[in-house]
Amino acid sequence: MKLGKVVGKIVSTMKDSQLKGAIIFIVQPLNENLEEVGEPIIAVDGVESHDGSLIFYIQGREGTLTLEGRTIPSDAGIVGIVDRIGK
Amino acid sequence: MELGKIVGNVVATRKNERLKGYKLLVAEYITPNCELKGAHVVGVDLVDAGVGDIVLIVRGSSARTAEGMTDKPVDGSIVAVVDTIEYKGNITYKKRNTKK
């Protein structure tokens with residue numbers, strides 16, 4: 001998984017039926033010092049995060065497992081909201 | 001997923017049997033600000049996208065999770081036509097409702 005911040009949202013009505021009801025966010029990847037690094041990615045929200053949330057996300061095949069109880073056509077998913085990072 | 005802009009379609013009479021019957025579209029990857037990223041993908045269109053549409057493309061083996069793609073030789077599935085992109089507080093894209 002990697003750290004990221006929710007910085008935007010994609011709205012689509014015409015989509016694969018398995019994505020019905022799925023919230024699709026734009027995530028800015030962060031490094032361990034929470035600095036912005038690299039290009040934004042598009043990920044399905046699996047934990048009711050919102051704009052500005054500090055999160056962590058998965059990529060690749062596991063993206064299909066982002067939502068509870070059903071497989072979805074996704075290669076990236078938000079799987080956790082960070083409360084804090086203890087040093 | 002990747003954001004992409006549909007720039008054309010691919011017609012291929014000789015192709016893998018299991019691709020028969022599917023529309024293949026060429027999408028150029030774009031940033032959330034709609035700038036071209038300089039790379040493309042040929043994706044199977046599952047949402048009746050058209051040239052000029054902004055779409056979402058699932059890449060890699062997840063692409064085979066898209067409807068009907070389980071046993072297909074596909075690593076890029078077009079799974080959504082984008083209506084709106086909201087990025088860092090701005091609407092950077094809004095689909096014009098052109099009647100088909």
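This passage walks through the interface between chain A and chain B in a predicted model, and then through the strands and residues around it.

We can begin with the overall extent of the interface. The size of an interface is often given as the accessible area lost when the parts come together. For chain B and chain A, this buried area comes to about 2,300 Å², with 53% of it on carbon and sulfur atoms. In terms of residues, 26 from chain B are in contact with 29 from chain A. Two salt bridges are found across the interface of chain B and chain A. In one of them, A:Glu36 is paired with B:Lys88, and the closest N and O atoms are 3.7 Å apart. Polar contacts link 18 residue pairs across the interface, counting pairs with both residues at pLDDT 80 or more. On the side of chain B that touches chain A, the elements giving two or more residues are β4 (54–59), β5 (76–81) and β6 (84–87) of chain B. That side of chain B is made up of 14 nonpolar, four polar and eight charged residues.

Strand pairing also crosses between the chains. Strand β2 of chain A, residues 14–15, is joined to β5(B) by two bridges, and the two strands run antiparallel. Within this pairing, A:Met14 has B:Val81 in β5(B) as its bridge partner.

A closer look at one residue of chain B is helpful here. B:Ser62 sits in the loop between β4 and β5 of chain B. With a relative accessibility of 0%, B:Ser62 falls under the 20% limit and therefore counts as buried. A polar atom of the B:Ser62 side chain lies 3.2 Å from the backbone oxygen of A:Ser74. Leaving out residues up to four places away in sequence, B:Ser62 touches A:Gly60, A:Arg61, A:Thr64, A:Pro73, A:Ser74 and A:Asp75.

The salt-bridge residue B:Lys88 leads on to a hairpin within chain B. Here β6(B) is joined by four bridges to strand β7 of chain B, residues 90–94, in an antiparallel arrangement. B:Glu86 has B:Ile91 of β7(B) as its bridge partner. Two residues lie between the strands of this hairpin, and B:Lys88 takes a positive phi near 50° there. B:Lys88 thus has a place in two parts of this account: the hairpin of β6(B) and β7(B), and the salt bridge with A:Glu36.

Chain A has its own set of paired strands. Strand β6 of chain A, residues 76–81, runs parallel to strand β4 of chain A, residues 41–45, and two bridges join them. A:Val44 is matched with A:Gly77 of β6(A) in this pairing. Strand β5 of chain A, residues 54–59, is joined to β6(A) by five bridges and runs antiparallel to it. In that case, the bridge partner of A:Ile55 in β6(A) is A:Ile81.

Finally, A:Phe25 belongs to strand β3 of chain A, residues 24–29. Is A:Phe25 buried or exposed? Its relative accessible area is 7%, so A:Phe25 counts as buried. A:Phe25 and A:Ile42 are separated by 17 residues in sequence, while their C-alpha atoms are 5.8 Å apart in space. Setting aside neighbours within four places in sequence, the contacts of A:Phe25 include A:Val6, A:Gly8, A:Lys9, A:Ile41, A:Ile42, A:Ala43 and A:Ile78. Also among them are A:Asp45, A:Ser49 and A:His50.

Key:
Residues are numbered from 1 along each chain as its sequence is written. Chains are lettered from A and ligands numbered from 1 in the order in which they are written. This is a predicted model: local features need pLDDT of at least 70, side-chain atom pairs count only at pLDDT 80 or more; totals for chains, interfaces and linings use all residues. Side-chain values use heavy atoms; hydrogens and water are left out. Contact means heavy atoms within 4.5 Å. Buried area is the accessible area (1.4 Å probe) that two parts lose on being put together, summed over both. A salt bridge is a side-chain nitrogen of Lys or Arg within 4 Å of a carboxyl oxygen of Asp or Glu. A polar contact is a pair of N or O atoms within 3.5 Å; within protein, one must be able to donate a hydrogen and the other to accept it, and residues adjacent in sequence count only if both atoms are side-chain atoms. Ala, Val, Leu, Ile, Met, Phe, Trp, Tyr, Cys and Pro count as nonpolar, Asp, Glu, Lys and Arg as charged, and the others, Gly among them, as polar. Two strands pair if DSSP finds at least two bridges between them. Buried means under 20% relative accessible area, exposed over 50%, partly exposed in between (1.4 Å probe, protein chains only).
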